[in-house]
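Work through the exercises below with the sequence and the model side by side. Try each task before you read its solution.

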Amino acid sequence: MLDDPAIGRETMSRLSKPSLLLALIGALAVAICCGSEPPQASNDQYPIQEGDGISDRVIKTDEEWQQILTPEQYEVTRMKGTEPPFTGKFCDFHEQGTYTCVCCGNALFSSEAKFDSGTGWPSFWAPISDQSIKTAIDTSFGMVRTEVMCRRCDAHLGHVFEDGPAPTGLRYCINSVALDFIEIGNEQ
Ligand SMILES: [Zn+2]
């Protein structure tokens, strides 16, 4: 019998090293641009609420937002404006209830987490749920701040800072004009 051992050897195809390196650099760049979010209140403490997820996102054109918002609401929530301090209706406001997004009605903050920061803007130490809001790094005006937005409709709400009171140590500094208020007992 004549077995032929000289069967052609398979050549292993390998990923070329340069292309692998490029892929790694790309992934690193994405991680640097988008990856770092500031510390937030833990999900355990503020359980996820049904309906707060991004499955029911509200998306409208600028023209549509202009039709349903006042000029002040539009400037702050859709153009990332800031109301002057001590002018907002919720700065010195102490009723019990839920603060909602003026654009889409998403529940954002409980009166139980509101505190008097003395800054001139309504301030909260936590959102009603981590699923209510989202954050992004804001480098406008030569500062590095963490912007707070409504997770459902992307409305600009304000900024969050790490000089708040216990238990989170966070201070959500929010524009009154971005908020509506539902008194306790009137929730749907
Ligand atoms: Zn919203």
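**Exercise 1: the six-stranded sheet**

Task: give the strand order and the edges of the open sheet of six strands.

Solution. Step one: read the order, which is 3-4-8-7-6-5, with antiparallel pairing. Strands here are DSSP runs of E with at least two residues, and helices are runs of H or I with at least four; both are numbered from the N terminus. Two strands pair if DSSP finds at least two bridges between them. Step two: find the edges. They are strand 3 (114-115) and strand 5 (133-138), each paired on one side only. Step three: check one edge. Strand 3 is joined to strand 4 (residues 123-124) by two bridges, and the two run antiparallel. Here Phe115 sits opposite Ser123 of strand 4.

Before going on, note what you are looking at. The model is predicted: local features need pLDDT of at least 70, side-chain atom pairs count only at pLDDT 80 or more, and totals for chains, interfaces and linings use all residues. Residue numbers start from 1 along each chain as its sequence is written.

**Exercise 2: the three-stranded sheet**

Task: work out the order of the open sheet of three strands, and explain why one side of strand 2 and of strand 9 is left without a neighbour in the sheet.

Solution. Step one: the order is 2-1-9, and pairing is antiparallel. Step two: strand 2 (107-110) and strand 9 (179-183) are at the edges, each with a single partner strand, so each has one side without a neighbour in the sheet. Step three: look at the twist. Neighbouring strands are turned by 35° against each other on average, direction ignored. The angle is taken between axes, lines fitted to C-alpha atoms (for helices over the stretch in contact); angles run from 0 to 180 degrees between N-to-C directions.

As background, strands of a sheet pair through backbone hydrogen bonds, either parallel or antiparallel.

**Exercise 3: strand 1 and its partners**

Task: which residues stand opposite Thr98 in strand 9 and in strand 2?

Solution. Step one: take strand 9. Strand 1 (residues 97-101) pairs with strand 9 in the antiparallel sense over five bridges. Thr98 faces Ile182 there, and Tyr99 stands opposite Phe181. Step two: take strand 2. Its antiparallel pairing with strand 1 has three bridges. Thr98 is opposite Ser110 in strand 2. Step three: follow the turn. Strands 1 and 2 form a hairpin with five residues between them, and Gly105 in the turn has a positive phi of about 80°.

**Exercise 4: loop residues**

Task: is His94 buried or exposed? Then place Phe141, Asp154 and Pro167.

Solution. Step one: apply the cut-offs. A residue is buried with 20 or more other C-beta atoms within 10 Å of its own, exposed with 12 or fewer, and partly exposed in between; C-beta atoms are placed from the backbone. Step two: His94 has 8 other C-beta atoms within 10 Å, so His94 is exposed. His94 lies in the loop between helix 3 (71-77) and strand 1. From His94 to Glu112 is 18 residues in sequence and 9.6 Å in space, C-alpha to C-alpha.

Step three: Phe141 is in the loop between strand 5 and strand 6 (145-150). Its phi is positive, about 60°, although Phe141 is not a glycine. With 7 C-beta neighbours inside 10 Å, Phe141 is exposed. Step four: Asp154 is in the loop between strand 6 and strand 7. Asp154 is not a glycine, yet has a positive phi of about 70°. Asp154 has 18 other C-beta atoms within 10 Å, so Asp154 is partly exposed.

Step five: Pro167 is in the loop between strand 7 (156-161) and strand 8 (171-174). The peptide bond from Ala166 to Pro167 is cis, with omega near 10°.
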